[in-house]
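User: Please take a close look at how the side chains are placed in this structure, and set what you find against the packing and the strands around them. I would like one connected account, with distances where they exist.

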Amino acid sequence: MVDDDPQLLEAMSRLLHRRFDVTGAADGNQAIALAAERQFTVVISDYSMPGMNGVSLLRTIRTMQPDAVRILLTGQADLSAAIDAVNEGSIFRFLEKPCASETLIGALDAACIQHDLVVGERVLLERTLHGSVAALVDILAISQPGAFGRASRVKRLAHDIAGDLEVPNWWAVDVAAMVSQIGTISLAPSVVDKLSTGAGLTQEETAAVAEIPRVAARIIANIPRLDAVRAILLGIGRPAGSSTDETPLGARLLTLAFAFDDLLTASVEPEEAVRRLTSHTPRPDPDLLARFHALHQPQQEASPVREVTLDAVQPGMIFVTDVRTADGKLLIARGQEATEGLVTRINNYWADLPIAGAVYVTTGTGPA
C-alpha cells in the first residue's frame, strides 16, 4: 500500500493485517525500492502524492512486476485521470476515497483471484508446452540425433550467454531452441550428416540450412500460444542490417549460439571461435558478444568429465562426445542430454551394440 498519509497507512494496515500480509510505503520511490527487493501480489496506491503520482508509480510497477495486480485510490477531483488509467489497461481497478472497508477488502480479494488466474495460466502454459515439446523432441532425436544434439547444445549455450540478462518469456527461448531443428526434415540426409560433422557445405546447402528455423516456424504455426516461439524462430539469423529492435532478444541469443556451435563442430578451438564471431554475418549484438567472450575465456574451468559404459548412462547426463557404432552410425550426438526415453532405448536396443571408442559424459552445466 502506497500513500503519503502515515495515519491512513497505519489504519489500513490494522484493518487488513489479519487477512493480508501488508507492506506500507510513504511515496513512489520507496515503493519502487521495495518492489526491487520482493514480489507483491497486489500494489494499491493513492493517486495524489508528491513527486510521483499513483498512475506513474503503477506503470513502473507494471514493468518491474507484470504479474502484480494494480489498484488506484483516487479522490473525486482525480476521477478523470483514474478513468484514463483504467482505459489504458495499466490499472486493474480504481477505488474512490474515502473507501468503505468492505469495498476495499472485496477489491483486494478480487485482485488476488486475478493474480492467481494470471500466474496459474502462465505456469500451466509454460509447463504444458515445454513438456509437450520436450516429449516430441525426445522422440525425434532418436531419428535425427545429430540435429537434435545441436539443438541441446545451443539451448545450453543460450542460457550461458544470457547470464543475468532479463530475457522476457525465457521459456519461449528454450522451446525455440528445442524445436529449431525440426526443420532438418526438409534437408537431404547427406546435408544433415555434413551439418552434424562440421563438413563443408555448398552455397546451396548453406542457404537450405539457414532456412531450418523458418521451416520449424511453419511446422508449429497451428499450435496455439506459440506466437513468441515463432517470432524467435523467424528472427534467427536475420540478414545483416536488420534492426535489432525488430529482432527478439531470444533470436539474437540463438543466432550467436548456433554460429559458435557450428564453429566448434568444424573443429575450431573455442578461443578462435569466439574471435571469429566478431566478423560473423549477421553481426552479433555487441553486448551479447562481450558476455560470450567473457564466458569462454581459456581459464574457465570445464565441467568434470568421466568415462562410462553405454549401459551405465543415467537421465540427466550430458554426452561430451558423439556416440557412434563401430561402423560409424551416429546414435547420440555431442551435447545431447540423456532422458528417460533415451536411457530406455539404450537398455532395450543399443546396450549390446559395438561402440566406436569410449563414452564420455558430464553432469555439470559448464562447457565441456
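**Side chains, cores and strands**

Analyst: In this predicted model, Arg345 lies over the face of Tyr349, at 5.0 Å from the centre of the ring. Pairs of aromatic rings are another matter, since a search of the whole structure finds zero of them.

Asp174 deserves the closest look. This residue is placed in helix H7, and it counts as buried because its relative accessibility is 11%, which is under the 20% cut-off. Once neighbours within four places in sequence are left aside, Asp174 is in contact with His130, Lys155 and His159. With His159 there is a polar contact from side chain to side chain, at 2.7 Å. His130 is 44 residues away from Asp174 along the chain, yet the C-alpha atoms of the two are separated by 8.1 Å.

Turning to the nonpolar packing, the largest core has 46 residues, and Val229, Leu233, Leu254, Leu277 and Phe292 are those with the most contacts inside it. Helix H7 (170–179), which holds Asp174, is one of the elements that give two or more residues to this core, and others among them are helix H5 (101–143), helix H6 (145–162) and helix H12 (249–265). Apart from this core lies another, of 16 residues, including Val2, Met49, Val55 and Leu58. Within the 46-residue core, Leu277 may serve as an example: not counting residues up to four places away in sequence, Leu277 touches Leu256, Ala259, Phe260, Leu263, Pro284, Leu289 and Phe292.

The strands complete the picture. Strand S1 (residues 42–46) is mostly covered, with five of its five residues buried, and this holds on both faces, where Val42, Ile44 and Asp46 are buried on one side and Val43 and Ser45 on the other. S1 runs parallel to strand S2 (residues 69–74), to which five bridges join it, and Ser45 has Leu72 of S2 as its bridge partner.

Elsewhere, three strands form an open sheet in the order S7-S6-S8, with antiparallel pairing. Strand S7 (330–332) and strand S8 (355–356) stand at the edges, and each has a single partner strand, so one side of each is left without a neighbour in the sheet. Strand S6 (residues 323–325) is joined to S8 by two bridges, the two strands running antiparallel, and Thr325 has Ile355 in S8 as its bridge partner.

Terms used: Residues numbered from 1 in each chain as written. Predicted model: local features only at pLDDT ≥ 70, side-chain atom pairs only at ≥ 80, totals over all residues. Heavy atoms only, no water. Core = buried A, V, L, I, M, F, W, Y, C linked by side-chain atoms within 4.5 Å. Buried < 20%, exposed > 50% of the residue type's maximum accessible area, 1.4 Å probe, protein only. Helix = DSSP H or I, 4+ residues; strand = E, 2+ residues; numbered from the N terminus. Contact = heavy atoms within 4.5 Å. Phe/Tyr/Trp six-rings, centres within 6.5 Å; stacked < 30°, edge-to-face > 60°. Lys NZ or Arg CZ within 6 Å of the ring centre and 35° of its normal. Polar contact = N/O pair within 3.5 Å; in protein donor to acceptor, adjacent residues only side chain to side chain. Pairing = 2+ DSSP bridges.
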